[in-house]
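Got your viewer open? Load the model, colour it however you like, and let's take a walk through it together.

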Amino acid sequence: MIVSKRHERLALNTRVVKKITQIPADDWNKVYPNIMEGYNFYKTLDETGLDQFSLFYIAVYNRKTPVAATACFIMNYPLDTSINGPLRRVTNSIRKVMPNIFSLKAVICGMPMGQGKIGITGDTDTVMKVILRRMEQIAKKNKASIVAFKDFDQAHTKILDPLQNKGFAKFDSLPTTILNVWYKDFEEYMTTLSSASRYDLRRKFKKVDGRVNFDLKIADAVDAGELQEVYKLYLDIVAKHDMGFELLPIDFFRMMPVNMPGQTKYFLWRLDGKLVMFLFGLVSKNMFIDYYVGLDYSVTHKYHLYFVKFRETLNWCIKKGACRRSIPR
């Protein structure tokens, strides 16, 4: 579907599409931030099908010149998303009987599994008025009661803060962490920690090093058999995590390396031939994004798998020369 509309007073055109390939890649890339979760990332989301979300894309033009672009999605937003612990288990039990009791349909600007981005090269105030107007029209058409902007970083403060004058409320979401990697090795990284943290990490690694032989494979993609193993661990961690938001289909993990060659990495840890942990990440020249992890909970705590993962991926970043390591949520 392609919907095009001219905003007479604002002298801008907008296109709303359901597939990003309905917008020329050059148009999108001219205005959207140069990040890994760009055109081909969204192309993969479109192709793999996220049942929880209806994705769409807004492109803004001044005549034929692109001046802005952003991604949005429609979903039944769970109001208990940020609840965890015993109360979340109660809401989960109630939802099994009444699936939508804690949900409201929402039109959300951003990305389901990461930080939202809006690319703007034109007048910011005018473009944001156009984008908001289109979102409100989409919300009305789809009988959505919420219009929201999800997980935008501080770089978007000047763009989004004026929305509070239009009735929007601002609140903190799940944090993003970024580690600047300037260390020559993991030991040097350890020196930046408190003595208590260093002691705790050394104690954990002492129980593993020389006693447990992990077989680590690092690859751009996984084969069919490995994919099934990866997805099983992914589903296990989704089931255990109280604050889940998106549930990815298996084709997401299969198609990402196809659409983003050279920008994906799989870390596979095996113990006695069995996959006990995986990490899926995105990589560029100077950034590694630690995206999804899966753990075999029967051995996770015994072998401190999460800390083994952190050490090995940090060592890989140091060796590769990546200057930053990001964990989206």
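Here is a tour that starts with the whole chain and then goes from stop to stop. Keep in mind along the way that this is a predicted model.

**The whole chain**

Start with everything shown as a cartoon. You should find ten helices and 13 strands. The chain has 329 residues, and 48% of them are buried. Switch on the surface: the accessible area comes to about 17,100 Å², with carbon and sulfur atoms contributing 52% of that. As for contacts with a separation of 6 or more, 68% are between residues 24 or more positions apart.

**Helix 8**

Now select residues 224–240, which is helix 8. From first C-alpha to last, the 17 residues of helix 8 reach 25 Å, close to the 24 Å expected at 1.5 Å a residue. Show side chains for E226, L227, V230, Y231, L233, Y234 and I237, the buried residues of helix 8. Why do they sit on the same side of the helix? They cover an arc of only 165 degrees around the axis, so they end up on one side. There's a general pattern to keep in mind here: an α-helix has 3.6 residues a turn, so residues three or four places apart point the same way.

Turn the view to the other side of helix 8, where A224, Q228, K232, A239 and K240 are exposed. Then turn back and look at what covers the buried residues: the cover includes strand 9 (215–219), helix 9, strand 10, strand 11 and strand 12.

Before you leave, zoom in on D223. This residue caps the N-terminal end of helix 8, with a side-chain oxygen 3.1 Å from the backbone nitrogen of G225.

**Helix 9**

Next, select residues 250–259 for helix 9, and pick out the buried ones: F252, F253, M255, M256, P257 and N259. What do these buried residues pack against? Their partners are helix 2 (39–48), helix 8, strand 10 (264–271), strand 11 (274–283) and strand 12 (287–295).

**Two aromatic pairs**

A search of the whole structure turns up 35 aromatic pairs. For one of them, select F41 and F252: the ring centres are 6.3 Å apart and the planes meet at 80 degrees, so this pair is edge-to-face. F41 belongs to helix 2 and F252 to helix 9, so the pair ties together parts that are 211 residues apart in sequence. Are these two rings' residues buried or exposed? F41 is buried, with a relative accessible area of 0%, and F252 is buried with a relative accessible area of 0% as well.

Now select F186 and F310. Their ring centres lie 6.2 Å apart with planes at 70 degrees, so this pair is edge-to-face too. The pair links distant parts of the chain, with F186 in helix 6 (residues 186–190) and F310 in helix 10 (residues 305–320), 124 residues apart. Both F186 and F310 are buried.

**Helix 10**

Stay with F310 and show all of helix 10. It has 16 residues and reaches 22 Å from its first C-alpha to its last, close to the 22 Å expected. Its buried residues include L305, V308, L314, W316 and I318. Step past the end of helix 10 to G321, whose phi is positive, near 95 degrees.

**Last stop: D151**

Finally, select D151, in the loop between strand 7 (146–149) and helix 5 (157–160). D151 is buried, with a relative accessible area of 15%. Its side chain makes a polar contact with the side chain of K150, at 2.8 Å.

Definitions and conventions. Residues are numbered from 1 along each chain as its sequence is written. Side-chain values use heavy atoms; hydrogens and water are left out. Buried means under 20% relative accessible area, exposed over 50%, partly exposed in between (1.4 Å probe, protein chains only). Helices (H or I, at least four residues) and strands (E, at least two) are DSSP runs, numbered from the N terminus. Contact means heavy atoms within 4.5 Å. Accessible areas come from the Shrake-Rupley method with a 1.4 Å probe; for residues, only the protein chains shown count as cover. The expected span of a helix is 1.5 Å times one less than its number of residues. The arc is that of the directions from the helix axis to the C-beta atoms. A polar contact is a pair of N or O atoms within 3.5 Å; within protein, one must be able to donate a hydrogen and the other to accept it, and residues adjacent in sequence count only if both atoms are side-chain atoms. Rings of Phe, Tyr and Trp (its six-membered ring) pair if their centres lie within 6.5 Å; planes under 30 degrees apart count as stacked, over 60 as edge-to-face and the rest as tilted.
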